[in-house]
Amino acid sequence: MNLAAKEFNSMSSDFHLQSVLVIDDDLELTEMLSAYLSGMGYQVQVKNDGEEGLSEAISGRHYDLILLDVMMPKMDGFDVLKKLRASHSTPVLMLTARGDDYDRILGLEMGADDYLPKPFNHRELVARIKAIVRRHNLSATGGAVEQDLFVNGIFLSPSSQLAKVDDVELTLTTTEFLILRLLMLNAAQRVTKEEISLKILGKPLQAFDRSIDMHVSNLRKKMSAVAVDEKIKTIRGVGYMLITGTN
């Protein structure tokens, strides 16, 4: 067993991922990823073009996470993500070209949970995967005693992963759901981008990182489509605040 596989195995005790779908046309990279994750005891499925990847992603088989490349034959990662999000909220980690801000921003706008630029260190990849799955599991379980939340026409049930605005159900990604939950728990209070990044994305906020802005922007769009009033206020240079109707 090589060193990387040993390091991956050493982390398997707290790594709860069961099944991963890798969609990437880089045969060498997908072979390496498959070996790493399979060595930890997880099921890994690989598809080397966008069309086959999408077909597998919506086939009915459960995946805890999808690793999705951007540039692929037949169908690129953006088209795969757009079609996937029409019916599935499976967590997605986009693999983008280093330094390509357009790819990262567009991926987040379309509902990706996070992104990782190529080439990447395998430890960084595992850290990102663990953070995504951890928050997805948090959203799924809702906590042992967490109560439903209701603020200014917004209803959120962590136990059933249900979110409504003015009695209209929203289709949210895991990240959007947890950001809304954090804002509702701190209604009428400022929540900094640093706090959101640490608590929801599981990583410190980096300079020029617009991940939080994109996730909140997506959340706003979905809420404004059914709400008549503004729900989330931007605190310039700081973060965001959920409006209670009196602030």
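Contact is taken here to mean heavy atoms within 4.5 Å. The structure is a predicted model, and the description starts from one annotated aspartate.

UniProt, in an unreviewed entry, places the feature "modified residue: 4-aspartylphosphate" at Asp69. In the model, aspartate 69 belongs to strand β3, which covers residues 65-69. Its relative accessible area is 7%, and because buried means under 20%, aspartate 69 counts as buried. When residues up to four places away in sequence are left aside, the contacts of aspartate 69 are Ile23, Asp24, Asp25, Gly77, Leu95 and Lys118.

Ile23, one of these contacts, is also a residue of strand β1, where Ser19, Leu21 and Ile23 are buried on one side. The other side of β1 carries Val20 and Val22, which are buried as well, and both faces of the strand are therefore covered. This arrangement can be read against a general rule: side chains in a regular strand alternate between the two faces of the sheet. In total, 5 of the 5 residues of β1 (residues 19-23) are buried, so the strand is largely enclosed by the rest of the structure.

Strand β1 pairs with two strands described here. With β2 (residues 43-47), the pairing is parallel and comprises 5 bridges; within it, valine 20 is placed opposite valine 44 of β2. The connection from β1 to β2 passes through helix α2 (residues 27-38), and this β-α-β crossover is right-handed. Strands β1 and β3 also run parallel, joined by 4 bridges. Leucine 21 has isoleucine 66 of β3 as its bridge partner.

Lys118, another contact of aspartate 69, takes part in a cis peptide bond. This bond links lysine 118 to proline 119, with omega at about -10°. Proline 119 is located in the loop that runs between β5 (114-118) and α6 (122-141).

A further group of strands forms an open sheet of 4 strands, in the order β6-β7-β8-β9 and with antiparallel pairing. The edge positions are held by β6 (149-151) and β9 (168-169); each has a single partner strand, so one side of each is left without a neighbour in the sheet. The antiparallel pairing of β6 with β7 (residues 154-157) extends over 3 bridges, and valine 151 is matched there with isoleucine 154 of β7. Helix α7 (residues 174-185) lies across β6, β7 and β8 (162-165), and its direction makes an angle of about 115° with β7.

The loop between β8 and β9 contains aspartate 166 and aspartate 167. Aspartate 166 has a phi near 50°, a positive value in a residue other than glycine. For aspartate 167, phi is likewise positive, near 70°. In terms of accessibility, aspartate 166 is partly exposed, with a relative accessible area of 34%, whereas aspartate 167 is exposed at 71%.

Helix α9 (residues 211-224) was examined for its length and burial. At 1.5 Å a residue, its 14 residues should span 20 Å, and the end C-alpha atoms are 20 Å apart, which agrees. Buried positions in α9 comprise Ser211, Ile212, Asp213, Met214, His215, Val216, Asn218, Leu219 and Met223.

Definitions and conventions:
Residues are numbered from 1 along each chain as its sequence is written. This is a predicted model: local features need pLDDT of at least 70, side-chain atom pairs count only at pLDDT 80 or more; totals for chains, interfaces and linings use all residues. Side-chain values use heavy atoms; hydrogens and water are left out. Two strands pair if DSSP finds at least two bridges between them. Axes are lines fitted to C-alpha atoms, for helices over the stretch in contact, and angles run from 0 to 180 degrees between N-to-C directions. UniProt positions are given in the numbering used here, feature names are shortened, and annotations may be inferred rather than shown by experiment. Buried means under 20% relative accessible area, exposed over 50%, partly exposed in between (1.4 Å probe, protein chains only). A crossover is right-handed if, with the strands pointing away from the viewer, the path from the first strand over the helix to the second runs clockwise. The expected span of a helix is 1.5 Å times one less than its number of residues.
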